[in-house]
Amino acid sequence: ARCTVTPRVEGEYTIEVIGMDDDGATVTETVTIDVTNIAPSNPGAEVWSGNTKLTPDTRGVYSALEGDSLEIRGWAEDSENDIDDLVHLWAPDAEDNPDIQHQSVGQFSSVEHIYTTVGLHLATLVVTDDDGESSETLTVVIDIANVAPTIDPISNPLPVAEGDEITITATVWDTLGDLENMQNCFDLDPETNSDGEGEIGRAHV
């Protein structure tokens with residue numbers, strides 16, 4: 001005779017076998033199996049910008065712009081007994097800001113983050129079950145590109161007499177990471193490249 005079972009809980013698992021003949025006589029035998037824990041495995045992730053799912057390049061690197069609000073979704077596999085109690089620990093900017101961490105419980109998790117500096121950023125995920133066993137660390141690489149500043153339309157000043165003083169006010173915008181250190185420069189003679197910066201005929205901020 002053969003019986004197939006699937007243990008759902010770690011620890012000692014006892015199976016009792018009862019044999020009965022056609023006269024009703026029975027014999028009982030037990031066997032105890034030590035069921036060991038399985039660590040979470042195969043962690044995975046997706047990166048979303050709003051309703052758009054980002055696609056990594058051939059290197060596995062995602063691309064986004066500084067100031068974008070990104071949602072990183074993660075998951076892992078485990079036994080049925082542990083899957084709903086998995087602890088997900090995200091470090092969305094593990095290399096530059098390791099103290100920023102987010103923790104949640106379940107088979108799936110998500111974390112939102114805004115990167116304010118350009119370059120490669122590493123988001124890491126570690127999944128741990130209720131027995132303290134952890135998955136391998138999943139690393140998500142995101143390449144953040146710079147966003148150029150913008151200038152609100154400037155109203156043309158009223159006609160003035162030669163030698164009169166005029167005031168021009170410009171409103172300049174940039175991402176939060178760049179706004180504090182941004183420098184504004186008024187080019188009063190765009191036809192002359194006096195500082196060697198940019199191109200003649202174009203004003204720059």
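Student: How much area does the protein expose, and what share do carbon and sulfur atoms supply?

Tutor: The protein exposes about 14300 Å². Carbon and sulfur atoms supply 49% of that. Accessible areas come from the Shrake-Rupley method with a 1.4 Å probe; for residues, only the protein chains shown count as cover. This is a predicted model: local features need pLDDT of at least 70, side-chain atom pairs count only at pLDDT 80 or more, and totals for chains, interfaces and linings use all residues. Residues are numbered from 1 along each chain as its sequence is written, and side-chain values use heavy atoms, with hydrogens and water left out.

Student: What makes up the secondary structure, and in what order do the elements run?

Tutor: The protein has 13 strands and 1 helix. From the N terminus on, the order is β-β-β-β-β-β-β-β-β-β-β-β-β-α. Both kinds are DSSP runs, numbered from the N terminus: helices are H or I with at least four residues, strands are E with at least two.

Student: How does the radius of gyration of the protein stand against that of a compact globule?

Tutor: A compact globule of 205 residues would have a value near 17 Å, but the protein has 31 Å. The radius is taken over C-alpha atoms, and the globule rule is 2.2 Å times the number of residues to the power 0.38. The box tells its own story. Along the principal axes, the C-alpha atoms fill roughly 125 × 30 × 30 Å.

Student: What share of the residues is buried?

Tutor: Buried residues make up 22% of the 205. Buried means under 20% relative accessible area, exposed over 50%, and partly exposed in between (1.4 Å probe, protein chains only).

Student: Why is G19 called partly exposed, and why is E16 called exposed?

Tutor: G19 has a relative accessible area of 27%, so it falls in the range between under 20% and over 50%. E16 has 53%, so it passes the 50% cut-off. G19 lies in strand β1, residues 11–20, and E16 is found in strand β1 too.

Student: What do G19 and E16 touch, not counting residues up to four places away in sequence?

Tutor: G19 touches A25, T26 and V27. E16 touches T28, E29 and T30. Contact means heavy atoms within 4.5 Å.

Student: What makes the pair K53 and E46 a salt bridge?

Tutor: The side chains meet at 3.3 Å, N to O. A salt bridge needs a side-chain nitrogen of Lys or Arg within 4 Å of a carboxyl oxygen of Asp or Glu. The pair therefore qualifies. K53 is partly exposed, at 45%.

Student: How do you know that R59 and D57 form one?

Tutor: Their N to O distance is 2.8 Å, so the 4 Å limit is met. R59 counts as exposed at 60%. D57 counts as partly exposed at 31%.

Student: What about R73, and how many salt bridges are found in the whole structure?

Tutor: R73 pairs with E71, with the closest N and O atoms 3.3 Å apart. R73 counts as partly exposed at 29%. A search of the whole structure finds 3 salt bridges.

Student: How many positive and negative side chains does the protein have?

Tutor: There are 6 positive and 43 negative side chains. Lys and Arg count as positive, Asp and Glu as negative; His and the chain ends are not counted. The centres of the two sets lie 12 Å apart.

Definitions and conventions: The place of a charge is taken as NZ of Lys, CZ of Arg, CG of Asp or CD of Glu.
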